[in-house]
Number of protein chains: 2
Amino acid sequence: MNPPDLRIRRVAIDTWRENVAYLHRDCPVVRASGFQALSKVTVHANGTTISAVLNVVDDERIVQACELGLSEDAFARMNVPEGHAAHVAPAEPPASIGALHRKIGGERLSRDDLHAIVRDIAQARYSKIELAAFVVATNGYDLDRDEVLHLTEAMIAAGRRLDWQHQVRGGPVVDKHCIGGIPGNRTSMLVVPIVTAHGMLCPKTSSRAITSPAGTADTMEVLAEVELPFERLTQIVRDTNGCLVWGGRAGLSPADDILISVERPLAIDSPGQMVASILSKKIAAGSTHLVLDIPVGPTAKVRSMPAAQQLRKLFEYVADRLGLHLEVVITDGSQPIGSGIGPVLEARDVMRVLRNDPAAPADLRDKSLRLAGRVIEFDPDVRGGDGWRIARDILESGRALAQMNALIDAQGRRLQPPALGEMTHEVIAPADGAVSAIDNLQLARIARLAGAPQVIGAGVDLLRKQGDAVQAGQPLYRIHACYAADLGFSRDLAARDSGYTVAATTRPS
Amino acid sequence: MNPPDLRIRRVAIDTWRENVAYLHRDCPVVRASGFQALSKVTVHANGTTISAVLNVVDDERIVQACELGLSEDAFARMNVPEGHAAHVAPAEPPASIGALHRKIGGERLSRDDLHAIVRDIAQARYSKIELAAFVVATNGYDLDRDEVLHLTEAMIAAGRRLDWQHQVRGGPVVDKHCIGGIPGNRTSMLVVPIVTAHGMLCPKTSSRAITSPAGTADTMEVLAEVELPFERLTQIVRDTNGCLVWGGRAGLSPADDILISVERPLAIDSPGQMVASILSKKIAAGSTHLVLDIPVGPTAKVRSMPAAQQLRKLFEYVADRLGLHLEVVITDGSQPIGSGIGPVLEARDVMRVLRNDPAAPADLRDKSLRLAGRVIEFDPDVRGGDGWRIARDILESGRALAQMNALIDAQGRRLQPPALGEMTHEVIAPADGAVSAIDNLQLARIARLAGAPQVIGAGVDLLRKQGDAVQAGQPLYRIHACYAADLGFSRDLAARDSGYTVAATTRPS
């Protein structure tokens, strides 16, 4: 007698990249095998096998005893219709669990170990708990540089890889990336129009915000479509030299997308994982030349110049061995860049710079020109040191704005641009003085509680930056929200800690 | 305008000690605040606040937009009726998350840090992912002995504490514990009747199986009730000097129960966590004197004598500082103890020893007498070295059996003892020779797939032990199951690796 088949049922619960199987407590398989909650099981149907974590259910409205419920992720991965027959068995541990345990025990992993782990992660064979164990065991500098190299290689191997060489015929495919952590730092939306206007190929795929109030994809979405099918994306790049789209659909580094799902709630972003995540995605996207921005500051991801140099060398070591031409630029990360934090506000800042509007934030303009200049110098025909001037000419002449409009039209212009949140609250200076510090992390938290990035009109508009004089009662920044609840959460947090330090200015005697 | 109240709904999903909140994607709070899957939220109702992990739901049969679904764990903890008004807010990270991050970074934690972490864990403020991070960051010898001491202290402080001093009036309250890992090792069910027959107080609370095919509580349940209300338990101890019950209801170390929920699926059982878990529960249960069994063998939890000595010293360091009188006994863990593996089979072995049945396994009898003898020597009136002889006399005279029957009757005798699984499969010797090794881990896995411990009649009956001669085709062990599916899973695993090594015996020349 074989175990009876179950009928598959979709359980519309979003378990965030974890396969969950729901079985009723009276299901014969649960009674027979004594599966417990959190047991790992394998589900077989129609030639496909997935592994999943078991949740035991006592409500027939969710699953009946003859059914096998699958969470959204598991149902999508299984790819058979509801009602299809399936059977369930206790799961063997993923093949790479031995390697995970060796890493937890402090051992160095081989190339084969890391490939096996990444393959199992990409195939969704790891539970959330096992992913968390991997993230913690490889935290800090617990991965040496060869382990990081092998992790990066494995992440590339586990996903899809784009190739633009038929288009550039040996020329560079350029990209620019920032390790993150600085609110308002939307330089990609200026660098891409400038360097593609210069004639370089820059097919930029970006992430949405992970822990920040806006990612480049979230901000570009204020202006244009960013979720494009792969064929349209390649057509746009052929027509305009570039794009500014969300990379999540491209399947470039699926293991990394899954790891991020536990790094985010754990707030762990260690050097090895960062290098593997960024470089695997760039290489999979077909880039040959990359300018990488590492901001340094007391509330940035990297807090000191020695730490930045150590991280820089790790990036260089891995990039060199994988044939990626990498230039690292260490920048000032002591405060947010630009004025706006949140998708609509950041898009406003970007368009002001492109329009050469006098209200454009100077720091965003200067930093973007500097980074675009470094990208332009990847052009073999450009003389070393000339990049910045070329970038400035492209911006001041309006060619960058024209190119941005071409990109927006190619991707699909948003006809009704979303409005800024109309519910506002101003945070004021407690005393006379000058702004001496702005806490990146606290401003990001305040903007997120205001609703950013999911509520795209929400965010924070900075009215003062470091060094600006301010009088008691004058506004430091304005919170924008679209819902009263969000304005309340955000205002309460700002009242506990505004994120601004205002120091009394010494009067000239 | 304040966020609207939601109505609480019980979602009958067993999420295994994690609070999960289910909100519909169209719920105003989800739309407003952009909560994401796996966001942490706080739920407030009727003066109670809990934290929970968010799952987003797209099916109104599970929750509607105006409802807040709570998993079984969360609903029980919230303790208000369905339909009660509640509101939800983004959760601040638990206060101790900073300390967790410092531990992940390799720092030493203070007493206050560890108390804060354990308090947050006991209050269910950690997600499964955060628990896994703590378990991995404190793995191996990553906790120094003072950190283990403070972790143990904190675990005791977070739970209930029993006190038997009014009964013993300064005399010892004794216990015996094994660190686990050896199938069939049911010595507690012999030690408790022997030492309580000697007149000592031994209120034994045991766990159910965590990763093994049977715990003492599972095996005792074959014979008697083991889930007793606290008042009945104390009455039984007053009447009979002892008990053999499940400790899970007593709330002795709630943080440990929660940590075990991730240690089990991760298969991590590190020295520091083991010492804190065992000693916190013993001290909370009111024990003053403990004999601790550390089995050593190639497939035991502790693989070498130096490792056993290192672990012994850690146990002694913590026990001494917490005023617990501890004797560590290092034993042979090279193979299972007794013949049966699984609740019904292990109960059979125990009763055979108590009845002085010639079929009783000699190794289980000998080891139990040795441990009982050490416990008896805690009695100030017993001369050093006399314990074993006293224990043997109690066993051989039938007084141990009479005492076991008294304990069973007091707890509630099971009138229809559960039967052994009738579906069987014999695993046979592949060649002539002698059994040279038995793999504890593999035999435990085979017994678990047969259904043990949830299916209490399931398990493995060992017909040969190390050193026994065997001919090709003769049985090594017999698998018992109650369901065909289980017999199949178990038989398949045994076919891949039987767990037995049969070495050719050299013929005398």
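A polar contact is a pair of N or O atoms within 3.5 Å; within protein, one must be able to donate a hydrogen and the other to accept it. Keep that in mind as we look around this predicted model, starting with a single threonine.

**A threonine in a loop**

T138(A) is found in the loop between helix 5 (128-137) and helix 6 (145-157) of chain A. Its relative accessibility is 0%, so T138(A) counts as buried, the cut-off for buried being under 20%. The side chain of T138(A) makes a polar contact of 2.6 Å with the side chain of Q273(A). The T138(A) side chain also reaches the backbone oxygen of V135(A), at 3.4 Å. If neighbours within four places in sequence are set aside, the residues in contact with T138(A) are K103(A), L143(A), S270(A) and Q273(A).

**The domains of chain A**

Stepping back, here is how the domain assignment divides chain A.

| Domain of chain A | Residues |
|---|---|
| domain 1 | 6-90 |
| domain 2 | 93-158 + 251-281 |
| domain 3 | 171-249 + 285-411 |
| domain 4 | 423-503 |

Between the C-alpha centres of domain 1 and domain 4 of chain A there are 46 Å. For residues 434-501 of chain A, UniProt lists "domain: Pyrimidine nucleoside phosphorylase C-terminal", in an unreviewed entry. That stretch, residues 434-501 of chain A, is 34% helix and 29% strand, and its end C-alpha atoms are 8 Å apart.

**A helix with two sides**

Now let us visit chain B. Which residues of helix 10 (residues 230-240) of chain B are buried? They are L233(B), T234(B), I236(B), V237(B) and T240(B). Looking down the axis of helix 10 of chain B, these buried residues fall within an arc of 160°, so they line one face of the helix. The general pattern helps here: an α-helix has 3.6 residues a turn, so residues three or four places apart point the same way. On the other side of helix 10 of chain B, E231(B) and D239(B) are exposed.

The cover over the buried residues of helix 10 includes helix 7 (165-168), helix 8 (188-197) and helix 17 (399-411) of chain B, together with strand 9 (202-206) and strand 10 (242-246) of chain B. After helix 10 of chain B comes N241(B), with a positive phi near 75°.

**How the two chains relate**

Finally, the pair. A turn of 180° with a shift of 0.0 Å along the axis lays chain B on chain A with an RMSD of 0.1 Å. The two copies are therefore related as by a two-fold rotation axis. Both copies use the same surface: 100% of the contact residues of chain B recur in chain A.

Terms used
Residues are numbered from 1 along each chain as its sequence is written. Chains are lettered from A and ligands numbered from 1 in the order in which they are written. This is a predicted model: local features need pLDDT of at least 70, side-chain atom pairs count only at pLDDT 80 or more; totals for chains, interfaces and linings use all residues. Side-chain values use heavy atoms; hydrogens and water are left out. Buried means under 20% relative accessible area, exposed over 50%, partly exposed in between (1.4 Å probe, protein chains only). Helices (H or I, at least four residues) and strands (E, at least two) are DSSP runs, numbered from the N terminus. The arc is that of the directions from the helix axis to the C-beta atoms. Contact means heavy atoms within 4.5 Å. UniProt positions are given in the numbering used here, feature names are shortened, and annotations may be inferred rather than shown by experiment. Domain bounds come from an automatic or database domain assignment. Copies are superposed by least squares on the C-alpha atoms of residues with pLDDT of at least 70 in both.
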